[in-house]
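Reader: Could you take me through one part of this model up close? I'd like to hear about the nonpolar packing, and then whatever sits around it.

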Amino acid sequence: MSLIHTLRAVKNLFVADQAKYRRVRFGLARGGRLPINLRHQFRMLWGVYEREIRSALASSIRPGDRCYDVGSGDGYYTIALARLASPEGWVCSIEADERLGETLRRTVALNAHLGSRIEIVCAMLGSDIEPMRRRETLDHLVFDKGYPLPQFIKCDIEGGESEFLRGAARTIVQASPRMLIEVHGAATEQQCCDFLRPQGYRLTIIDQAAFLPEVRPLPHNRWLYAVKP
């Protein structure tokens with residue numbers, strides 16, 4: 001058994017398998033209140049969740065920035081972005097799962113102190129629009145529904161990253177947002193690179209940590225950090 005599995009097994013002997021709202025102690029989301037299950041999200045509490053991308057995020061967000069958290073899940077990065085963009089920042093938290101959307105609404109209500117406005121959109125962002133299936137594109141949100149142009153985008157949608165980029169093509173050309181994209185597979189990563197490089201983006205690949213990495217089901221799962229010089 002690996003060291004990380006051993007540590008997890010020992011921890012689980014003493015920790016209940018349930019989520020409750022806790023205040024994050026350190027890291028990008030410190031001071032925020034999030035629903036954390038210590039069996040599975042212990043790193044979130046101490047601010048070391050996905051520590052590989054911490055510096056990229058911290059250097060990308062400026063006070064007052066307009067940020068999109070695409071695939072916001074439990075809201076960790078929504079809260080982190082709101083904190084980093086404060087005061088007067090704006091965060092659009094986009095999540096396809098309606099149950100998680102309800103949790104996000106409770107989370108946002110508990111974090112009004114962060115000093116940024118947070119808006120929640122319950123939709124799956126991709127390359128086409130299907131209202132009956134709650135499928136949207138970023139271009140449709142921005143240019144037809146009046147959402148602000150982004151200055152930063154974080155994207156984690158479990159394999160749909162290249163489709164998201166195609167549905168955000170006009171927004172990306174006009175706004176040149178800084179982006180952090182979690183990729184799920186080598187083919188998807190290549191598709192994202194092929195889309196972004198011709199648009200003048202400089203791409204940095206961020207690998208998983210070698211020491212005490214988080215357990216991930218996919219063999220190829222890392223991040224693309226994209227900025228225009």
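Author: Here's a walk through the nonpolar packing, followed by a surface patch and one arginine. Keep in mind that this is a predicted model.

Let's start with the largest nonpolar core, which has 33 residues; Leu57 and Leu180 are the ones touching the most other members. Quite a few elements chip in with at least two residues each: strands E2 (33–37), E5 (116–121) and E11 (221–227), plus helices H2 (42–45), H3 (54–60), H4 (76–85) and H5 (98–109). H4 gives the largest share, eight residues.

Now zoom in on Leu57. Setting aside residues up to four places away in sequence, Leu57 touches Leu28, Tyr77, Leu81, Leu84, Phe152 and Leu180. There's also another core lying apart from this one, with 30 residues, including Ala168, Tyr201, Leu203 and Ala226.

Nonpolar side chains turn up on the surface too. Phe26, Phe42, Trp46 and Val48 make a nonpolar patch of about 360 Å². Phe26 sits in the loop between strand E1 (19–23) and E2, and it counts as partly exposed because its relative accessible area is 48%, between the 20% and 50% cut-offs.

Last stop: Arg135, in strand E7 (residues 135–136). Arg135 has a relative accessible area of 16%, so it's buried, the limit being under 20%. Its side chain makes a polar contact with the side chain of Asp128, at 3.0 Å. Beyond its neighbours within four places in sequence, Arg135 is in contact with Asp128 again, and with Met124, Gly126, Ser127, Ile129, Glu130 and Glu163.

Note on methods: Residues numbered from 1 in each chain as written. Predicted model: local features only at pLDDT ≥ 70, side-chain atom pairs only at ≥ 80, totals over all residues. Heavy atoms only, no water. Helix = DSSP H or I, 4+ residues; strand = E, 2+ residues; numbered from the N terminus. Buried < 20%, exposed > 50% of the residue type's maximum accessible area, 1.4 Å probe, protein only. Polar contact = N/O pair within 3.5 Å; in protein donor to acceptor, adjacent residues only side chain to side chain. Contact = heavy atoms within 4.5 Å. Core = buried A, V, L, I, M, F, W, Y, C linked by side-chain atoms within 4.5 Å. Patch = residues over 30% accessible without salt bridge, like charges linked within 9 Å, V, L, I, M, F, W, Y side chains within 5 Å. Areas by Shrake-Rupley, 256 points an atom, 1.4 Å probe, with all protein chains shown as cover. Salt bridge = Lys/Arg side-chain N within 4 Å of Asp/Glu carboxyl O.
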